[in-house]
Amino acid sequence: MMKFKSKRFGIRFGFGKRTNNKGTQQDQQQKGLGNSNNNISCCNNEIKWELRPGGMLVQKRQESIGDDLISIRVSTFATFHDLSIEATSTFGELKMVLSLLTGLEPKQQRLLFKGKEREDDEYLHMVGVGEKDKVLLLEDPAFKEKKLLDRNNISASCLTIIV
């Protein structure tokens, strides 16, 4: 196997021990000579790199603290609500927010995205909900029917009491 040596980062890519002409990488870090996090700046974007334990140099993952809000439009047949929510939220959490806005309990809500009903434990970003996407809110037909039956029973009982 061929080994490639990078002068820019002072490491070798390939199998075997990770050493360069100044000693092992661990020795360099102890002496303060080497750094496993390297930055390259290009086009006003800074790319951060990290060295994995196997010796692979990869782009560093972005660590978000919850500031990645997306704005979505939740619409019913008559109205719509524009709201901002974290992309890593679940549909259950979205239902909780919508219960404050609409007055419907989360059990009574059905959320559809891209024509499919979504479960409460599904994450928005995993399903593909992005900036300015539309989510459809429907009232569960079983609860609608139950509500109508309850209204009819209440009105019938009120008539018997009045007479």
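How many helices and strands are there in the chain? There are four helices and 12 strands, and I should say at the outset that what we have on the screen is a predicted model, so please hear everything that follows as a description of that model.

Let me start with the chain as a whole. Of its 163 residues, 25% are buried, and the chain exposes about 12400 Å², of which carbon and sulfur atoms supply 53%. If we take the contacts between residues at least 6 apart in sequence, 43% of them join residues at least 24 apart.

Now to the sheet that I would like to spend some time on. Five strands form an open sheet, and their order across it is E9-E8-E12-E10-E11, with mixed pairing. At the edges are strand E9, residues 80–86, and strand E11, residues 116–117, each of which pairs on one side only. As a reminder, strands of a sheet pair through backbone hydrogen bonds, either parallel or antiparallel, and strand E8 lets us look at both kinds.

On one hand, strand E8, residues 69–75, is joined to E9 by seven bridges, and these two strands run antiparallel. E8 and E9 form a hairpin, with four residues between them. Within that pairing, isoleucine 70 has isoleucine 85 in E9 as its bridge partner, while the partner of isoleucine 72 in E9 is leucine 83. On the other hand, E8 pairs with E12 in the parallel sense, over three bridges, and there valine 74 stands opposite valine 135 in E12.

That brings us to valine 135 itself, which is placed in strand E12. Is valine 135 buried or exposed? Its relative accessibility is 0%, and therefore valine 135 counts as buried, given that the cut-off for buried is under 20%. Leaving aside residues up to four places away in sequence, valine 135 touches Ile72, Arg73, Val74 and Ser75, and also Leu111, Leu112 and Phe113. From valine 135 to glutamate 117 the C-alpha distance is 10.0 Å, with the two residues 18 apart in sequence.

A little earlier in the chain we come to valine 129, which lies in the loop between helix H3, residues 124–127, and E12. Although it is a loop residue, valine 129 is buried, with a relative accessible area of 5%. Which residues does valine 129 touch, not counting those up to four places away in sequence? They are Ile70, Ile72, Phe91, Phe113 and Leu124. Isoleucine 70, which we have just met as the partner of isoleucine 85, is 59 residues from valine 129 along the chain, yet their C-alpha atoms are separated by 8.7 Å.

In that loop between H3 and E12 we also find lysine 132, which has a positive phi of about 60° although it is not a glycine. At 68% relative accessibility, lysine 132 counts as exposed. Lysine 114 is another residue to look at in this respect, since its phi is near 55°, again a positive value in a residue other than glycine. Lysine 114 lies in the loop between strand E10, residues 109–113, and E11, and with a relative accessible area of 64% lysine 114 is exposed as well.

A third lysine deserves a moment, namely lysine 95, which is found in helix H2, residues 91–102. Lysine 95 is buried, with a relative accessible area of 6%, whereas lysine 114 is exposed. Not counting residues up to four places away in sequence, lysine 95 touches Pro106, Gln109, Leu111 and Asp120, and Leu111 is also among the residues that valine 135 touches.

Finally, a word on the second largest pocket, whose volume is about 180 Å³. What lines the second largest pocket? The residues are Thr76, Phe77 and Ala78, then Leu104, and then Leu137, Leu138, Glu139 and Lys144. By character, this lining divides into five nonpolar residues, one polar and two charged. Strand E12, residues 134–139, gives the most to the lining, with three residues, and so we end on the strand in which valine 135 also has its place, here in a predicted model.

Definitions and conventions
Residues are numbered from 1 along each chain as its sequence is written. This is a predicted model: local features need pLDDT of at least 70, side-chain atom pairs count only at pLDDT 80 or more; totals for chains, interfaces and linings use all residues. Side-chain values use heavy atoms; hydrogens and water are left out. Buried means under 20% relative accessible area, exposed over 50%, partly exposed in between (1.4 Å probe, protein chains only). Contact means heavy atoms within 4.5 Å. On a 1 Å grid over the protein atoms alone, a cavity is a set of points where a 1.4 Å probe fits but cannot get out, and a pocket is an open set with protein on both sides within 12 Å along at least five of seven lines; lining residues have an atom within 4 Å of a point. Grid points are joined across faces, edges and corners, and a volume is the space filled by probe spheres set on the points. Ala, Val, Leu, Ile, Met, Phe, Trp, Tyr, Cys and Pro count as nonpolar, Asp, Glu, Lys and Arg as charged, and the others, Gly among them, as polar. Accessible areas come from the Shrake-Rupley method with a 1.4 Å probe; for residues, only the protein chains shown count as cover. Two strands pair if DSSP finds at least two bridges between them.
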